[in-house]
Amino acid sequence: MDQAAGMRHGPIGLRLVRSRDARALQHELLANRSWLQPWEATVPYGAVSFDMRLSIRRLLQQYRDGGGYPFVMEYEGEVAGQLNVWGVARGSLCSATIGYWVSERFAGKGITPTAVALATDACFAEYGLHRMEICIRPENAASLRVVQKLGFRYEGLRRRYIHIDGDWRDHYAFALTREDVPQGVLARWLNGQVPPDAATVPPSDRLTL
Ligand SMILES: CC(C)(COP(=O)(O)OP(=O)(O)OC[C@H]1O[C@@H](n2cnc3c(N)ncnc32)[C@H](O)[C@@H]1OP(=O)(O)O)[C@@H](O)C(=O)NCCC(=O)NCCS
């Protein structure tokens, strides 16, 4: 796949972020504060930066260094949000983690599951990765729907795992390996072949919210 030109399914596109996306992304981040903040990665020291120009420069540097694939999701050609493949580990792991957000006005259109499927398929078929992980706060019902739709397998509860919205938060971890999806993630979903219980959290790991 030409990462800059990107991938497409119907109105939904996924392409590498560009420096000139900074203005649109910064506008969306600021206009969607209450929508995004509960799920936003923070750092235990210092404040979150909304300098998208700097953030994109860092993401593209990581991309050039082989550490990630920073995408934007588009809907009918408009920037809808970001999908980041980060923490790429090569060698004996060949794994990475996916993070994502869309602006509130784009929610509920199936943009994220489609983009996650496109990204995971590219990671397996073209970027030489073997395992893709998604970590989600137990409170994030909308994001849990994304992994349910695609049949990412539940792998466990990670206590106080990622610094989100100002504190260390518990996360559920979900993953797929290449062997799980010989037909591809998107094709498996579109063909109605997703195992219905793959993402089910066992009662012993369910947190009282
Ligand atoms: C989680 C998120 C990325 C899902 O993206 P999406 O493109 O809307 O995904 P979908 O269209 O498949 O919708 C997923 C679920 O969101 C919920 N949803 C749909 N429209 C919604 C809306 N307007 N407001 C709130 N939730 C909505 C529904 O439960 C939906 O599931 P359903 O299709 O079974 O009804 C998006 O809600 C988001 O960006 N949230 C804020 C940031 C975030 O949580 N990032 C993920 C951190 S792990």
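The legends below describe several close-up views of one predicted model.

Residues are numbered from 1 along each chain as its sequence is written. Because the model is predicted, local features need pLDDT of at least 70 and side-chain atom pairs count only at pLDDT 80 or more, while totals for chains, interfaces and linings use all residues, and side-chain values use heavy atoms, with hydrogens and water left out.

**View 1. The rings of Y69 and Y127 form a stacked pair.**
Rings of Phe, Tyr and Trp (for Trp, its six-membered ring) pair if their centres lie within 6.5 Å, and planes under 30 degrees apart count as stacked, over 60 as edge-to-face and the rest as tilted. By this rule the model holds 5 aromatic pairs. In one of them, the centres of Y69 and Y127 are 4.1 Å apart and the ring planes lie at 15 degrees, so the pair counts as stacked. Y69 belongs to strand 3 (residues 69-75), whereas Y127 is in the loop between helix 4 (111-125) and strand 6 (131-136), so the pair ties together parts that are 58 residues apart in sequence. Helices (H or I, at least four residues) and strands (E, at least two) are DSSP runs, numbered from the N terminus. Buried means under 20% relative accessible area, exposed over 50%, and partly exposed in between, with a 1.4 Å probe and protein chains only. Y69 is buried at a relative accessible area of 10%, and Y127 is buried at 7%. Ring pairs also bring in Y63, linking Y63, Y69 and Y127 into a cluster.

**View 2. Y154 and F174 meet edge-to-face.**
The ring centres of Y154 and F174 are 5.5 Å apart, with 65 degrees between the planes. Y154 lies in strand 7 (residues 153-164) and F174 in strand 8 (residues 167-177), so this pair ties together parts that are 20 residues apart in sequence. Y154 and F174 are both buried.

**View 3. In the region of strand 7, a charge sits over a ring and R160 has a positive phi.**
The charged end of R158 sits over the ring of Y161, 4.9 Å from the ring centre; the rule asks for NZ of Lys or CZ of Arg within 6 Å of the ring centre and within 35 degrees of the ring normal. R160, placed in strand 7, has a positive phi of about 45 degrees although it is not a glycine. D165, in the loop between strand 7 and strand 8, likewise has a positive phi, near 45 degrees, and is a residue other than glycine. D165 counts as partly exposed, at 29% relative accessibility.

**View 4. Helix 4 crosses helix 5 obliquely.**
The axes of helix 4 and helix 5 (residues 141-150) come within 9 Å and cross at roughly 50 degrees. Axes here are lines fitted to C-alpha atoms, for helices over the stretch in contact, and angles run from 0 to 180 degrees between N-to-C directions. Angles under 35 degrees count as roughly parallel, over 145 as roughly antiparallel, 65 to 115 as roughly perpendicular and the rest as oblique. The crossing of these two helices is right-handed, a term used if the near helix is turned clockwise from the far one by less than a right angle, with left-handed used if anticlockwise. T112, P113, V116 and A117 in helix 4 meet V146, K149 and L150 in helix 5, where contact means heavy atoms within 4.5 Å. T112 counts as buried at 8% relative accessibility, and, leaving aside its neighbours within four places in sequence, T112 is in contact with M73, Y100, V102 and V146.

**View 5. Helix 1 and helix 3 cross with right-handed geometry.**
The axes of helix 1 (residues 22-31) and helix 3 (residues 52-64) come within 9 Å and cross at roughly 115 degrees. On the side of helix 1, A22, L25, Q26 and L29 meet M52, R53 and I56 in helix 3.

**View 6. Two glycines, G81 in strand 4 and G10 in a loop, have contrasting accessibility.**
G81 lies in strand 4 (residues 78-89) and is buried, with a relative accessible area of 0%. Leaving aside neighbours within four places in sequence, G81 is in contact with L25, V72, M73, W101 and V102. The C-alpha atoms of G81 and L25 are separated by 7.3 Å, although these residues are 56 residues apart along the chain. G10, in the loop between strand 1 (7-9) and strand 2 (12-16), counts as exposed at 54% relative accessibility. The C-alpha atoms of G10 and T114 are separated by 9.6 Å, with their positions 104 residues apart along the chain.
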